[in-house]
Amino acid sequence: MAQTGAIGDKIFRTILLLAAASILLIVVAIFYMMVQNSLPTLERFGIGFLTGSEWRPAQEEFGALPFIYGTLVSSLIALVLAVPISLGIAIFLVEQAPIKIARPIAFMVELLAAIPSVVYGLWGIFVLAPFIRNHLGVFLQDYLGWLPFFQGRLTGIGMLTAGIILALMITPIITAVVRDVLEAVPTTQREAALALGATKWETTTIVLGNAASGIAGAVVLGLGRAIGETMAVTMVIGNSPQISASLFEPANTIASLLAANFAEATDRIYLSALIEIGLVLFLVTFVVNALAKLLIMSVGGNSSSSKHV
Amino acid sequence: MANTEQSVHRKRRIVNSLMTILTAACAVFATSILLFIISYIAIQGFSSLSFQFLTDTPKPVGEGGGIGNAIVGSAMMTALAVVLGLPVGIAAGVYLAEYGKNWFGNIVRFVADTLIGIPSIIIGIFIYTLVVMPMGRQSGLAGGLALAIIMLPIVARTTEEMIRLVPNSMREGALALGAPQWRVSWNIVLPAAASGIATGAMLAIARITGETAPLLFTALNSRFYNFFYDQPMSSLTVQIYNYATGPFEVEHAMAWAATLILVGLILVINIFVRFLTRKKF
């Protein structure tokens, strides 16, 4: 009787182990398959692939720089806009709002994360882009038009639109993680500050200081999402492989390049170039996400990002 | 002296109220964006929604057309992803919760969380090289596999969290009665955590239903009803993408109507899950 239990245990445990190991296997297989299938361009272009700024598949010229630039700039715009707003929401929810107000608002912010990327893209094309073309862009050109960022023709489709859409999309993720991190700060710290005569806001600044590395983790997690966000960006960025200082000009990111061109890439060397640039995206997001997780773990916030998908 | 003290005090109070207003404004801003997007979808979507739209296949511009085959395709690929991803994900989650307090468990946990953050288009490329290239064509099978991989780490981590909520006394009680470890996990712990695992699974399903990028070049698209996994398959999200980026007004209207269906479904799942778990928060 005890014997059958022992054998059952072994079988059961092995099955579970295999399931858990499959997650590791998938990540290793992704890396292997992508390296394997990008060998033609890896061998032919080497490091020049990353530094070249000309992308002409028909002439077999592959420089990934415009896409790396586009990915960085659009993500940066997103962070600049999303981080203060997310911090504000999280502080409001954890430090200020009574629970009866905080709960429904927290849920609605979470729902923002549930809306699919392609829907943000649709909304971006037909609502946000016209708004930027007719209002926001005109306003920026009137007042800040002397800056190189706000020159050029206003079409509504371009880097700025992509950055704003990205900001909307990463706000719920940053908010959720900052909330967790703030909630992990012991209440005694707030009580001590209040008892010393600090105002509510002064207390909050102390809490923020103690949660700093967790908040940094939230920002890095948001950065990771912005870098990899695909559909919405593809639909509003204009898909043009150029490096321009103007945020009104169309641009392209790594993810949107892949979404818009992968299905048509039949020729071996073009496909290899696309897979290689995908490999770059894979490695960058892997490192960024790992870094975010380490930062969030360091303050004992809820480290599971499964809550924040 | 008293005067400066008073003014410092006043300044601190003003800063305090100002920051309260600012943070509240951030919250109001985010919620109004959500309400604006949802009401915009509802208004635009309802105006071109009809029964025929829900059953028709895409047609040349001017002849109507619908999303019937896209609904079927999305359902079939999601079903395949659930059949493949859910059992493996739950098993991995049980492992992490019950046996995973060692270096291996830590690595799996870390990699699972990182995999959740990897752009879904990368999963699409992976499946393209693994399935589409050897098969020589795009298929519903490839699309379903991509969705299964996206679902797997999410299910594993939520399952782990739900199983950790099961009190240890239940495990100890069963072990004390002589049950082997696997019986304890299978007959005691899993049923106790079942409702939590189910809500986690529902959220994962909502998430993959909205995925577009991993389907673009794995399942591709199809203009016809297709019930076979070895053929290219249409999906709601890819159909929305195609309609949205098309040149004609009629297509845009259909994109909004399809979006209403998709977002409606996803919101219903999310609100339902919220309703089920409201006592826990």
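Me: Which residues does A:Val236 touch, not counting residues up to four places away in sequence?
Reply: Two residues are in contact if their C-beta atoms, placed from the backbone, lie within 7 Å. Keep in mind that this is a predicted model. A:Val236 is also among the residues with the most contacts inside the largest nonpolar core. Leaving out residues up to four places away in sequence, the partners of A:Val236 are A:Gly121, A:Gly124, A:Ile125, A:Ala129, A:Ile157, A:Thr161, A:Ala162 and A:Ile165.

Me: Happy with that! Which helix gives the most to the largest nonpolar core?
Reply: That core has 182 residues, and those with the most contacts inside it include A:Ile23, B:Met151 and B:Ile240. The top contribution is 17 residues, and it comes from chain A, residues 159-184, which is helix 7.

Me: Now the contact between the chains: how do the residues on chain A's side divide?
Reply: The contact takes 73 residues from chain A and 77 from chain B. On chain A's side, helix 1 (residues 2-37) gives the most, with 19 residues. By type, that side of chain A divides into five charged, 19 polar and 49 nonpolar.

Me: At what angle do helix 3 and helix 6 of chain B pack?
Reply: Helix 3 covers residues 68-98 and helix 6 residues 140-164, with their axes 5 Å apart. Their crossing is right-handed. The residues of this contact divide into 19 nonpolar, nine polar and four charged. The packing angle is about 35 degrees.

Me: Where in chain A does pLDDT stay under 50?
Reply: Chain A averages a pLDDT of 92, and 95% of the residues score at least 70. Where pLDDT is low, the predicted coordinates should not be read in detail. The stretch in question has 23 contacts beyond four places in sequence in the model, and it is residues 303-309.

How values were computed
Residues numbered from 1 in each chain as written. Chains lettered and ligands numbered in written order. Predicted model: local features only at pLDDT ≥ 70, side-chain atom pairs only at ≥ 80, totals over all residues. Core = buried A, V, L, I, M, F, W, Y, C linked by C-beta atoms within 7 Å. Buried ≥ 20, exposed ≤ 12 C-beta atoms within 10 Å, placed from the backbone. Helix = DSSP H or I, 4+ residues; strand = E, 2+ residues; numbered from the N terminus. Nonpolar A, V, L, I, M, F, W, Y, C, P; charged D, E, K, R; others polar. pLDDT = per-residue confidence, 0-100. Axes fitted to C-alpha atoms, helices over the stretch in contact; angles between N-to-C directions. Left-handed = near helix turned anticlockwise from the far one by under 90°.
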